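Subject: Structure handover

Hello,

Here is the structure we talked about. Please open it first, then read my notes below.

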Amino acid sequence: MTQKVVVGLSGGVDSSVAAALLHRQGYAVVGVTLWLMKGKGQCCSEGLVDAASICEQLGVPHEIVDTRDLFQNHIIDYLVQGYGEGVTPLPCSQCNKAVKFGPMLQYAQQSLGIDKIATGHYARIRLNEASQRYELLRAVDRQKDQSYFLYDLSQEILAATLFPLGEQTKTVTRQLAAEFDLSTAEKKDSQDLCLIEAHGSMRDFLDKYIAPKAGEIVDLSGAVLGHHEGIHHYTIGQRKGLGIAAAEPLYVVKLDPVMNRVIVGDRQNAGSGECYVQRLNWVSIPEPTAPIRCEVQVRYRSAPVTVNAIPWHDQQIKLVFDEPQFGITPGQAAVLYDGDRVLGGGIICPQKSETAGV
């Protein structure tokens with residue numbers, strides 16, 4: 001019996017090749033495109049048209065699922081609230097769990113009677129026979145690896161998901177797109193968040209939702225160095241665009257939403273030897289009850305660094321870095337790795353906890 005699979009199609013080359021590969025392998029493919037928001041951008045109007053074109057070329061059905069309300073609630077509202085509170089939210093991992101994978105699997109199972117989904121993400125999944133737990137792994141192509149954004153996926157989703165591109169490089173993907181003669185073969189990769197593509201910049205997007213609120217830019221002693229029009233325009237570690245003159249480079253080291261202040265300091269002040277992480281999802285291992293030694297990635301493009309991860313109160317963990325790290329940013333994800341294996345991850349807390357560990 002032919003196995004059926006729903007392939008999430010964004011209209012880009014990666015998802016197009018994922019669908020073509022599964023189609024060639026004998027799967028009965030149904031393309032599904034999520035309608036996230038109105039406006040321009042590869043995830044929206046252009047993406048819908050390109051995804052439909054790929055399905056027509058492959059001779060497979062194409063479905064469009066309206067997820068605009070989910071995107072508004074889980075991404076736009078989430079971002080606006082976070083930036084307004086002085087944190088820098090990471091929308092992609094939130095979107096993958098709450099808007100893309102979960103709803104797509106639900107639609108596949110309940111509306112189409114299909115138990116498998118696939119996407120063009122660069123990551124790998126394997127079943128650990130000993131633990132009977134699905135493990136999330138980095139892609140073979142480390143430059144394109146997207147496991148950092150996928151740490152929040154559940155065991156149920158991992159069990160039902162295929163990543164056809166996880167074992168190959170982006171170069172091979174481009175070659176396959178040409179080999180399949182796909183209409184998206186020459187399409188450029190998206191370089192920005194879909195929100196930035198649609199609005200021009202994150203600043204322009206936020207300015208549509210958050211009213212200007214003038215405040216002070218101060219140093220660590222409280223001396224006023226300049227003024228700003230809203231703390232949502234700033235993020236921890238930022239150097240450019242401060243609009244103040246100083247004898248040495250200054251960086252944003254803290255955002256104070258209560259006093260509506262941007263606090264700046266030198267590069268050393270922007271470093272931290274520890275941070276706290278909440279809203280954890282343990283992927284490849286059960287929740288640890290004792291400290292573990294592992295690596296952590298605190299930004300998508302940052303190199304993994306070695307830490308001690310210590311269980312803390314309120315289902316948090318405390319990360320103690322071997323060496324201080326620059327610009328640890330509340331709202332971003334901290335994803336723990338053991339080599340290529342994603343152990344788990346969560347969101348960096350805005351403030352340090354005062355409660356002792358357990």
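How much area does the protein expose, and what share of it do carbon and sulfur atoms supply? The exposed area is about 16,800 Å². Carbon and sulfur atoms supply 48% of it. Please keep in mind that this is a predicted model.

**Overall picture**

The protein has 8 helices and 17 strands. Its C-alpha trace spans about 70 × 45 × 35 Å along the principal axes. The radius of gyration is 22 Å. A compact globule of 358 residues would come out near 21 Å, so the two values agree.

Of the 358 residues, 52% are buried. Now take the contacts with a separation of 6 or more: 65% of them join residues 24 or more positions apart. On charge, there are 33 positive and 40 negative ones. Their mean positions lie 2 Å apart.

**Q325**

Q325 sits in strand β15, which runs over residues 317-326. Is Q325 buried or exposed? Its relative accessibility is 19%, and buried means under 20%, so Q325 counts as buried. A polar atom of the Q325 side chain lies 2.9 Å from the backbone oxygen of E323. Beyond its neighbours within four places in sequence, Q325 is in contact with A270, G271, S272 and V305. One of these, G271, belongs to the residue range of strand β12, 271-282. Another, V305, falls in the range of β14, 305-311.

**D141 and A159**

D141 is in the loop between β6 (133-138) and α5. It has 12% relative accessibility, so it counts as buried. The D141 side chain reaches the backbone nitrogen of Q143 at 3.1 Å. Which residues does D141 contact once its neighbours within four places are set aside? They are Q168, T169 and K170. For a distance across the model, try D141 and P103. They are 38 residues apart along the chain, and their C-alpha atoms are separated by 28 Å.

The loop that holds D141 leads to α5, and A159 is in that helix, residues 155-160. A159 is partly exposed, because its relative accessibility is 26%. Leaving out residues up to four places away, A159 touches K116 and Y134. Y134 lies in the range of β6, 133-138. A159 and W282 are 123 residues apart in sequence. In space their C-alpha atoms are 15 Å apart.

**Two backbone points to check**

Most residues other than glycine have a negative phi. Which sign does phi take at R279? It is positive, at about 50°, although R279 is not a glycine. R279 is in strand β12. With a relative accessible area of 43%, R279 is partly exposed.

Q315 also has a positive phi, about 60°, and is not a glycine. Where is Q315? It is in the loop between β14 and β15. Its relative accessibility is 61%, so Q315 counts as exposed. The strand after that loop, β15, is the one that holds Q325.

That is what I have for now.

Best wishes

Conventions. Residues are numbered from 1 along each chain as its sequence is written. This is a predicted model: local features need pLDDT of at least 70, side-chain atom pairs count only at pLDDT 80 or more; totals for chains, interfaces and linings use all residues. Side-chain values use heavy atoms; hydrogens and water are left out. Helices (H or I, at least four residues) and strands (E, at least two) are DSSP runs, numbered from the N terminus. The radius of gyration is taken over C-alpha atoms; the globule rule is 2.2 Å times the number of residues to the power 0.38. Buried means under 20% relative accessible area, exposed over 50%, partly exposed in between (1.4 Å probe, protein chains only). Contact means heavy atoms within 4.5 Å. Accessible areas come from the Shrake-Rupley method with a 1.4 Å probe; for residues, only the protein chains shown count as cover. Lys and Arg count as positive and Asp and Glu as negative; His and the chain ends are not counted. The place of a charge is taken as NZ of Lys, CZ of Arg, CG of Asp or CD of Glu. A polar contact is a pair of N or O atoms within 3.5 Å; within protein, one must be able to donate a hydrogen and the other to accept it, and residues adjacent in sequence count only if both atoms are side-chain atoms.
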